[in-house]
Structure formats: structure tokens, C-alpha cells
Amino acid sequence: MAVLDRPATDEQLVNERLEALLAEHDPKGTDARTFLGAQFDAGLAWVHFPEGYGGLGVSPKLQRVVNERIAAAGGPNSYWRNPIGAGMGAPTVVTHGTEEQKRRYLKPLFTGEEIWCQLFSEPGAGSDVASLATRAVRDGEEWVINGQKVWTTLAHLSRWGMLVARTDPEQPKHRGMTYFVVDMQAPGVDVRPLRQITGEAEFNEVYFTDVRIPDSERLGDVGQGWAVSLTTLMNERVSIGGAIQPKGSGPIGEAVKIWKAKGHNDPALRDELMQLWAEAEVNRLTNIRASQLRAVGTPGPEGSTAKLAFAELNKRVYEFCLNLMGPEGMLYGSYEMIRPETAMGADSLQKAFLRARANSIEGGTSEVMRNILGERVLGLPGDVRVDKEPPWSKVPRS
Ligand SMILES: Cc1cc2nc3c(=O)[nH]c(=O)nc-3n(C[C@H](O)[C@H](O)[C@H](O)COP(=O)(O)OP(=O)(O)OC[C@H]3O[C@@H](n4cnc5c(N)ncnc54)[C@H](O)[C@@H]3O)c2cc1C
């Protein structure tokens, strides 16, 4: 669309594109991939991304208008199918990728044609991900990867993985890492399921044995892996805790439903329900405010606030739901190991209760969120970090 054709306000532009998208592609009748492809081409995938990359270069707060309208019309949602790609991969690629990488990765990521996973955590590096040990050694125009990652959500379905590896062990830990996009179907990539408390294996351990990555699939400069990772991590927190759902919906909506269905009328339980409802609404409004303040789309520490509040509240809400269910809360469908098609899903309150235990671990633990908020927002003295300056190779590790 020529610049002269652009309507007077960004809001009008988004609305015009939205109307045209819905008129040309029946959201219920069009297959998900085609609809999402058209949404991407209309610049309505991530409205704050530049034009040509699934966006319109407008404020991210307008994305809510798009998402709500498409959901109300029964259209598909990219996040459901590809939560890690859409929530974390895309902002990382658009911020740090080359033109070629943006053109190659973004559209099939949004349509769900290519699922993404995040290869950060290792057996010896979780909260302190910068201490990771997976090695990448340059060999001409390629890098050779050896090491192990763990807790890799949806690796079993993924085409691409966001991989951080150590390229210079003689640098201090934050400076010797590089970020790559790795083809999960390349020879030497071994994905093995890990079973969760729910019985499902939503995540995996991933072994790399002499896996070759072309240098063209490096994201950001050599040695800049930490800076690139921060973009992924900041977006991960918002992706987990920053969703803005309609008032009274989501987990708290489930609690109200079960309260009504069971005919509860106990004043103490009602008081507890109201307390949880009020907290859920405070979190929702805080997330709306945070998303509106986010001028250019890269989240700051408010992502950690959202993630912390979401994780802790979610656990309490589902615990409350199970209390309301009484003995029925102990009944569990099946512990048969399945490999889900998406992350963080649950088809029963019992499963949601168990799955919620992971909320305060995944995407950074609640303790780590509190550290971030203490240090970066409140300006409190930092943790003691004796391993920050010496070369990574000189730091003792188990
Ligand atoms: C369901 C689920 C999905 C996940 N998906 C992915 C994924 O797709 N990709 C990926 O890379 N990772 C993934 N993870 C891993 C997740 O990011 C890590 O589990 C998390 O960062 C914590 O690391 P850890 O498990 O090694 O625990 P540790 O870092 O060993 O922590 C153990 C305990 O020590 C506490 N602790 C650690 N450091 C501090 C500190 N400085 N101050 C105070 N307390 C501290 C922690 O809070 C925790 O209670 C997933 C985890 C879960 C549960």
C-alpha cells in the first residue's frame, strides 16, 4: 500500500486492514494456515513490526484490537499452535535478524507451518543460563555444535530452535556466547521426551552431536548471544504472564464456573473467591497498562512483574478450584504419556492444577523474578556474583 493511501490515524489503518482481511477470508471457513498467511500479509500478525514483516509499524497496543476481533469472529490464533515461535522467536528475529532471516523465518512461523522451540536451559544452567556449556566451534562457513539442552518445550514438533551456545570459553560467561537458529531436523539432533507431573511430555531433552549450522543461521554477532537472549527472555515473560484476556475469563472464570456448578454458598469460600477475582482483575489491568506503555514493543521489567504475578496467582486459583471440587478433584483422567501439540494446555481442572505447578519455574522462577524486580526496579543491592568477571573456563562447575 502506498504511503499516500495510508489513512489519517494508525487506528483507522489497522481497522481498515482488519475489515478487508475478514471480508476476504471467512475466519471460520478458511483453513488456519491460509487465514494466518493472509493476516501476516495484511500486517496484522504483530502490528508493531515493520511493514513487510507481518506488521504496520504502529503501536503494539493496537494488536489487542486485532486479536479480539479475530477471536470473536472464530478465526485461528498463531500463539496456540506455535507459542514459543510467535511469542519469543518472532520478536528476537525481527530485532536481531538480517533482512534475509526475517524474510525466511517470520511468515511460516506465524502460520504455524514451522514450529519453534527455545534451547537455552541445560542440566547445569537454568536460572543462571549464562553459565551454559553447549559448545559451538567455527569450521569455515559453518559451526559445529556439541552439548545437551533440557526442558525444551515442543522440540518434538519443531522445525527451528533458538540455540545459545558457548563460542569463546576464555571470555567471561556473558561475553562468550553466540545465538543461532538451528534446524531441528539436522543430522546429530536427538530429541527425547521428558515426562511431566501431568503425565504428558510437553518438553524434551535435546542432544547435539557434531550438528552443523551454517553461519548464515547465526542471529546477531559472534559473542553477542547474551544480548540477543535477553530479547527472547523479556518476551518470554510477557508471553507467559502478560496475556490480556476478557474480564473474568481464564483461570478465575473457571473458578467462578465451578463455584456456581457446585452450588457453593459458604461465606468464607466466597470471600476467598472474591479475593482471587480481585487479584486476577488487578493483574489484568496492570497488563493492559504495561502493554499500552510499551512504546516500541520490547518489554522491560514489567514483563517480570506480570510473570511473577501470573504464576503465583494461577497456582492459588487452581488450588481453590480443586478445593471446591472436593473428592472429585482427586480423579484424574489418565497418566498415559502423550506428546501434546501445544504448550500449557489442560483439558480438565485437575490437569490444570498440576500443570500450574510449573508456572513458577518456566520462563524464570519466581525467586529469580523477585531478584530482577529488586535489582532493576527497586534498585536494591545485587546478588553476589563471583563468577561474572573471570573467563568461563576458569569457573568451577559440577
Ligand atoms: C514446563 C516447563 C517448560 C520449560 N520450557 C523450557 C524451554 O522451552 N526452553 C528452555 O530453555 N527452558 C525451559 N524450561 C526451563 C526453565 O527455564 C528452568 O527450569 C528455569 O529457568 C529454572 O532453572 P532450573 O530448573 O535449572 O532450576 P535452578 O536454576 O537450578 O533453580 C533451583 C532453585 O533455586 C532457585 N534459585 C536459583 N538461582 C537463584 C537466585 N539467584 N536467587 C534465588 N533463588 C535462586 C530457583 O528459584 C529454584 O527454586 C522449562 C521449564 C518448565 C518447568
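**Figure 1. The surroundings of the ligand in this predicted model.** Let us start with the ligand, which is surrounded by 18 residues. The closest of these are S121, S127, W151, T365 and E367. What does the side chain of E367 offer to the ligand? One N or O atom in that side chain is 2.6 Å from an oxygen atom of the ligand. T153 also takes part through its side chain, where an N or O atom lies 2.7 Å from a nitrogen atom of the ligand. F120 joins in with its backbone instead: a polar backbone atom of F120 is 3.0 Å from an oxygen atom of the ligand.

**Figure 2. Strand β4 and its cover.** Now look at strand β4, which covers residues 160-166. Is this strand enclosed or open? Because 7 of its 7 residues are buried, β4 is largely enclosed by the rest of the structure. You can follow this on each side of the strand. One side carries W160, M162, V164 and R166, while G161, L163 and A165 are on the other. Every one of these residues is buried, and both faces of β4 are covered.

**Figure 3. The strands that pair with β4.** Which strands does β4 pair with? One partner is β1, made of residues 116-119, which runs parallel to β4 and is joined to it by 4 bridges. To find this pairing in the model, look for W116, whose bridge partner in β4 is W160. Another partner is β5, made of residues 177-183. β4 and β5 run antiparallel, with 7 bridges between them. Here a good pair to look for is A165 and its bridge partner in β5, T178.

**Figure 4. The hairpin of β2 and β3.** In this view, strand β2 (residues 135-139) pairs with strand β3 (residues 142-149). The two are antiparallel and share 5 bridges. R138 is one residue to pick out, as it stands opposite W143 in β3. How many residues lie between the two strands of the hairpin? There are 2 residues between them, and G140 in the turn has a positive phi of about 65°.

**Figure 5. The second largest pocket.** This pocket holds about 200 Å³ of space. Its lining has 14 residues, and those closest to the centre of the pocket are T98, Q101, S216, E217 and R218. Which element gives the largest share of this lining? Helix α6 does, with 4 residues. Both α6 (99-111) and β8 (218-219) supply at least two residues each. Sorted by class, the lining of this pocket contains 6 polar, 5 charged and 3 nonpolar residues.

**Figure 6. The largest cavity.** Rolling a probe the size of a water molecule over the atoms shows where empty space is left. The count comes to 1 cavity of 30 Å³ or more. What is the volume of the largest cavity? It is about 40 Å³. Two or more residues of the lining come from each of α9 and α10 (302-325). The residues to find around the cavity are V238, G242, N287, A290, S291, R294, E302, G303 and A306. By class, this lining has 4 polar, 3 nonpolar and 2 charged residues.

**Figure 7. A closer look at S291.** S291 is one of the residues that line the largest cavity, and its place in the chain is helix α9 (residues 267-293). Is S291 buried or exposed? Its relative accessible area is 14%, under the 20% limit, so S291 counts as buried. The side chain of S291 reaches the backbone oxygen of I288 at 3.0 Å.

**Figure 8. Two partly exposed residues, E68 and S393.** E68 is in helix α3 (residues 63-72). Since its relative accessibility is 41%, E68 counts as partly exposed. How far is E68 from L354 in space? From C-alpha to C-alpha the distance is 29 Å, with the two residues 286 residues apart in sequence. S393 lies in the segment after α12 (366-377). S393 is also partly exposed, with a relative accessible area of 30%. Along the chain, S393 and A73 are 320 residues apart, and 55 Å separates their C-alpha atoms.

Definitions and conventions
Residues are numbered from 1 along each chain as its sequence is written. This is a predicted model: local features need pLDDT of at least 70, side-chain atom pairs count only at pLDDT 80 or more; totals for chains, interfaces and linings use all residues. Side-chain values use heavy atoms; hydrogens and water are left out. On a 1 Å grid over the protein atoms alone, a cavity is a set of points where a 1.4 Å probe fits but cannot get out, and a pocket is an open set with protein on both sides within 12 Å along at least five of seven lines; lining residues have an atom within 4 Å of a point. Grid points are joined across faces, edges and corners, and a volume is the space filled by probe spheres set on the points. Ala, Val, Leu, Ile, Met, Phe, Trp, Tyr, Cys and Pro count as nonpolar, Asp, Glu, Lys and Arg as charged, and the others, Gly among them, as polar. Buried means under 20% relative accessible area, exposed over 50%, partly exposed in between (1.4 Å probe, protein chains only). Two strands pair if DSSP finds at least two bridges between them. A residue is near a molecule or strand if one of its heavy atoms lies within 4 Å of it. A polar contact is a pair of N or O atoms within 3.5 Å; within protein, one must be able to donate a hydrogen and the other to accept it, and residues adjacent in sequence count only if both atoms are side-chain atoms.
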